[in-house]
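Visitor: I should be grateful for a close look at one part of this model, namely the place where the protein copies meet each other and the DNA. Please take me through that part in a connected account.

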There are 2 protein chains.
Amino acid sequence: MFYDVFMKKVRLTRQQSQAQTQQRLLDAAQALFVKKGFGATSVEHITLAAGYSRGAFYSNFKSKTQLFIELLTRDHQRILAGLQTILDNPDTPDHPVSHRVAAELVGTHDQPALAVDGNRSPIETQLIHYYSRIYRDTQFYTLWLEARLHASRDANFCTQFNAFQQDILATITQYVYKFAARTGLTLPLPAEQLALGFMALGDGMGMYHLPGQSHADDHHAEQILAYFLERIALQR
Amino acid sequence: MFYDVFMKKVRLTRQQSQAQTQQRLLDAAQALFVKKGFGATSVEHITLAAGYSRGAFYSNFKSKTQLFIELLTRDHQRILAGLQTILDNPDTPDHPVSHRVAAELVGTHDQPALAVDGNRSPIETQLIHYYSRIYRDTQFYTLWLEARLHASRDANFCTQFNAFQQDILATITQYVYKFAARTGLTLPLPAEQLALGFMALGDGMGMYHLPGQSHADDHHAEQILAYFLERIALQR
DNA sequence: GAATTCAAATACAAACATGTATTCGAAACA
DNA sequence: TGTTTCGAATACATGTTTGTATTTGAATTC
């Protein structure tokens, strides 16, 4: 019952069809986890929102938690790829962190980030922009917060979550090393600890951007982030 | 059917009895919200855990959300009081942030915080200690994270939540002013923005201390927090 | 094109949740 | 002490969620 652009019926292979089902279930689940929360979202909710029956769910995922992990895996790859690209190629001006689901479900505000002042190295500027972009996308930030809480409740899930977190920490740590190498500055704390501090700062500022809770507008948030980063990064 | 320490029957007044019921419902709800999450906790859960029937719930609270607000109000007062005491009297060495529920439900680790090095002003040291104490108490931190997420979903709840958040921000801002006055340093950013940055940092580090997610042990976390605070607070 | 396979739908049997309407019994009060 | 009050229990009617067991029909295979 599917049609291509020329309105010819398109027959999907079993594999394609199942992949489609999985993606649609994941998309629906993502939207609902954000809107209602993981705990308040039932399997039934998800399948109905995706346009399937409950049977489809159970023949694709072991459980709601299992689906959540796959959802996060999908997004984790997107985030890591984005960070990695800037790390590898710090002079590229802007990386569209587009994501099909995000674009579909919320109107992702993809305006270029407000210009932070210019006397900062490209890698810093980009990192700040990237961070503030990530966290301005409350859809995904909410999802990861939800995940964090669920991790504190489910040991297996926690293992997975920590692996994701560790990947990000490792990448940010790389940034710190690269920064130190470029500037020749001595690090006042081990790189990993500095990285953790930066992440904490970013995650914290991210929380203040959840819908309805704007204690600082985007510009201020970015300014604060930038200032802190600058101060910490300076040589003692 | 209640007995005092000498095993005499104690008759409670209506008011006392109802207050007791409310507190027990609040305590039970708190434990469940932390353990299962707000969304996954049913009214029935709460009442059974508290040892009452569902009727007791509805004759004491309008809804689960309403109860949550009262729960947070209770804890908010505790936190504010703690912060305020340090602010008013910065030389008092230690403030027991004891809380009946916390003590009952989890074994709150109330060891004195690890000594941060000594060449720091008392108010800074205390703030760091207080912060790291708050956030080491994952019970309450979890509760507030849960609240934050719920606030992003429920507009009325959000209003309440923002008021709480604003109170804290105002208090931390007071700290910043006090610090500036004491040291005579010029603030590089408006006090409120600095305060927001500090809070973000603290909240971020707090997240990394949720059960199972220790990316840094207590000592490291405190060290990072202290270092960042120190760097930011220095005059440009 | 008939037989086979398997993703998804349907059927089913519990269990669990919701909110209100009513009853019960201990306190408040005369 | 008898009556009133009202906080909490119970009953009820209704809806939701669960996971599995079974069926169905389109894609695959021969």
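Guide: Chain B can be laid on chain A with an RMSD of 0.1 Å by a turn of 180° and a shift of 0.0 Å along the axis, the copies being superposed by least squares on the C-alpha atoms of residues with pLDDT of at least 70 in both. The two copies are thus related as by a two-fold rotation axis. The model is a predicted one, in which local features need pLDDT of at least 70, side-chain atom pairs count only at pLDDT 80 or more, and totals for chains, interfaces and linings use all residues. Residues are numbered from 1 along each chain as its sequence is written, while chains are lettered from A and ligands numbered from 1 in the order in which they are written.

The contact between the copies takes 43 residues from chain A and 42 residues from chain B, two residues being in contact if their C-beta atoms, placed from the backbone, lie within 7 Å. On the side of chain B that touches chain A, at least two residues each come from helix 1, helix 7 (138-151), helix 8 (155-183), helix 9 (191-207) and helix 10 (218-233) of chain B; helices here are DSSP runs of H or I with at least four residues, numbered from the N terminus. Helix 9 of chain B gives the largest share of that side, 9 residues. By class, the side comprises 22 nonpolar, 13 polar and 7 charged residues. In this scheme Ala, Val, Leu, Ile, Met, Phe, Trp, Tyr, Cys and Pro count as nonpolar, Asp, Glu, Lys and Arg as charged, and the others, Gly among them, as polar. Because 100% of the interface residues of chain B are also interface residues in chain A, the copies meet through the same surface.

Turning to the DNA, 22 residues surround strand C, and the closest are Thr21(A), Ser53(A), Gly55(A), Ala56(A) and Arg14(B); a residue is near a strand if its C-beta atom, placed from the backbone, lies within 6 Å of it. Helix 1 of chain A supplies the largest share of this surface, 4 residues. DNA strand D is likewise surrounded by 22 residues, the closest being Thr13(A), Val43(A), Thr21(B), Gly55(B) and Ala56(B). For strand D, the largest share, 4 residues, comes from helix 1 of chain B. The surface near strand C has 5 nonpolar, 11 polar and 6 charged residues, and the surface near strand D also has 5 nonpolar, 11 polar and 6 charged residues.
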